[in-house]
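Here's a quick tour of one sheet, the helices around it and a few aromatic rings. Have the sequence and the model open as you read.

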Amino acid sequence: MPRVAQLAQLGAFGPPKEGYKVPGSAATCALDDGALVTPTSPSEKCELKDLDPEDRCEAGSSFEGKRWLEPQLALEAVQRLSSGSFSLAPARKAPPFGQRRCRLLGFWGTSGEEINEEMRWDGTTYSCHLEIPAREDAMFQVLVEGLGRMYPSIEGANLSIRHELLGPEEAHHDAAWFLDSARSKRRAWIFVACPQSCAVCLGWKFQGEEIPKETEDWREMGPWLISSHIGQGKQGAVVCTGRWPSASKGGVAAVKYPVEAEELELYARVHDIPGLPDLLDFGRLPGPRTEKGEFYMAMSKIEPCLDILLRGQLHIHDTSPQTLGRISWPVVAGMGLRLLRTLQAIHKRGILHCDLKPGNILLHRRAPHVQLIDLGRAGYLGRTAFKAGEGGMRDY
């Protein structure tokens, strides 16, 4: 019996109780799952006819502060990559912020003195060296001249805390990165990685320090280190956890390989749409199937997927007797509206997803948003067709 039918027999889709919420926080993760299940607030209620695919002002939006690689620029870069000759040597890229200067700004925690260091572009990162006095900690942001500051999504972020880089933007934000103190003076190399003309992450490495790997199976994929198999598509592509070297939990991504050139082009056209993971990086590697190499793409890592939640495989604590795999109607309505916004925006750009299913819908733990993934079966409007029974929803 299909899982949906089983859940229906258990009453999973009956009218929710007053104040019903899917159970609280994940036992295996420090992030709060409560945000996944907050019912749609009255201010967010709207009719289907009122949906605006280009609206970025949704209440509580997690997209504030994000700067994407412009779709047209991303598309042109992908097309150059797919049409040009393959080379193992990485091409030196132009500075993503042009001639604008980039500076590390902050202050020392003990003395209160200012930190102001120029960061120089090396083709992939903006970086500088910071001399850290003994028993001194530091808080800092990154200023891009004329554009504003880059800052972390969490106050006091460091390499051991999962976070994202936001900005640059002119609005003031208090959140800053934190460097802890040590007994002796140190020299740190601090960088902002920009592999495809937009800032991906900030990290640092102390002189003479070797960064330990959490597992032994890390391997290189372009500039990324990948491990921890996340999933596999029906077209043979594998998705793994990726990390930017020396950025640790501040530079985490979902890296997909191999990716067809058409899928990468489609994603480049739409990746700035709210409801799709950010396109952080892409490139080409030597591959066994073609002398021209095979493509990879790195996207922001978001978890869990809706399929895991519906199957009751998300381990969560709850003090009241709720049912795993059940989602209340207000939550479903909120998810559905956000998903419709995303689909409308994709369709407006002449693209069909063609593989809509719970396994391709991600739930952001720290915000009530859904994210749609996997354009492996997508195609252009008017040029895409499937035989009956071959759609992505068959297993559900």
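Let's start with a cross-strand pair: Val259 stands opposite Phe295 in β15. That pair belongs to a longer match, in which β13 (residues 252-259) and β15 (residues 294-300) run antiparallel and share five bridges. Strands here are DSSP E runs of at least two residues, helices are H or I runs of at least four, and both are numbered from the N terminus; two strands pair if DSSP finds at least two bridges between them.

A word on ground rules: this is a predicted model, with local features needing pLDDT of at least 70 and side-chain atom pairs counting only at pLDDT 80 or more, while totals for chains, interfaces and linings use all residues. Residues are numbered from 1 along each chain as its sequence is written, and side-chain values use heavy atoms, with hydrogens and water left out.

Zooming out, the sheet is open and has six strands in the order β10-β11-β12-β13-β15-β14, paired antiparallel. Its edges are β10 (219-221) and β14 (279-285), each pairing on one side only. On average, neighbouring strands are turned by 40° against each other, direction ignored.

Two helices come up against this sheet, with contact meaning heavy atoms within 4.5 Å. Angles run from 0 to 180 degrees between N-to-C directions, using axes fitted to C-alpha atoms, for helices over the stretch in contact.

| Helix | Strands involved | Angle |
|---|---|---|
| α2 (residues 71-83) | touches β14 and β15 | about 10° with β14 |
| α3 (residues 261-270) | lies across β13, β14 and β15 | about 35° to β15 |

Now for a residue in edge strand β14: Asp281. Is Asp281 buried or exposed? Its relative accessibility is 2%, so Asp281 counts as buried (buried is under 20% relative accessible area, exposed over 50%, partly exposed in between, with a 1.4 Å probe and protein chains only). Leaving aside residues up to four places away in sequence, Asp281 touches several others, including Pro195, Trp224, Trp244 and Tyr296. With Tyr296, the side chain of Asp281 makes a polar contact of 3.5 Å.

On to the rings. The whole structure holds six aromatic pairs (ring centres within 6.5 Å; planes under 30 degrees apart are stacked, over 60 edge-to-face, the rest tilted, taking the six-membered ring for Trp). Phe140 and Trp204 have ring centres 5.9 Å apart and planes at 70°, so they're edge-to-face. This pair links distant parts of the chain, 64 residues apart: Phe140 is in β4 (residues 138-144) and Trp204 in β9 (residues 201-206). Both Phe140 and Trp204 are buried. Elsewhere, ring pairs join Phe97, Trp121 and Tyr126 into a cluster.

Conventions. A polar contact is a pair of N or O atoms within 3.5 Å; within protein, one must be able to donate a hydrogen and the other to accept it, and residues adjacent in sequence count only if both atoms are side-chain atoms.
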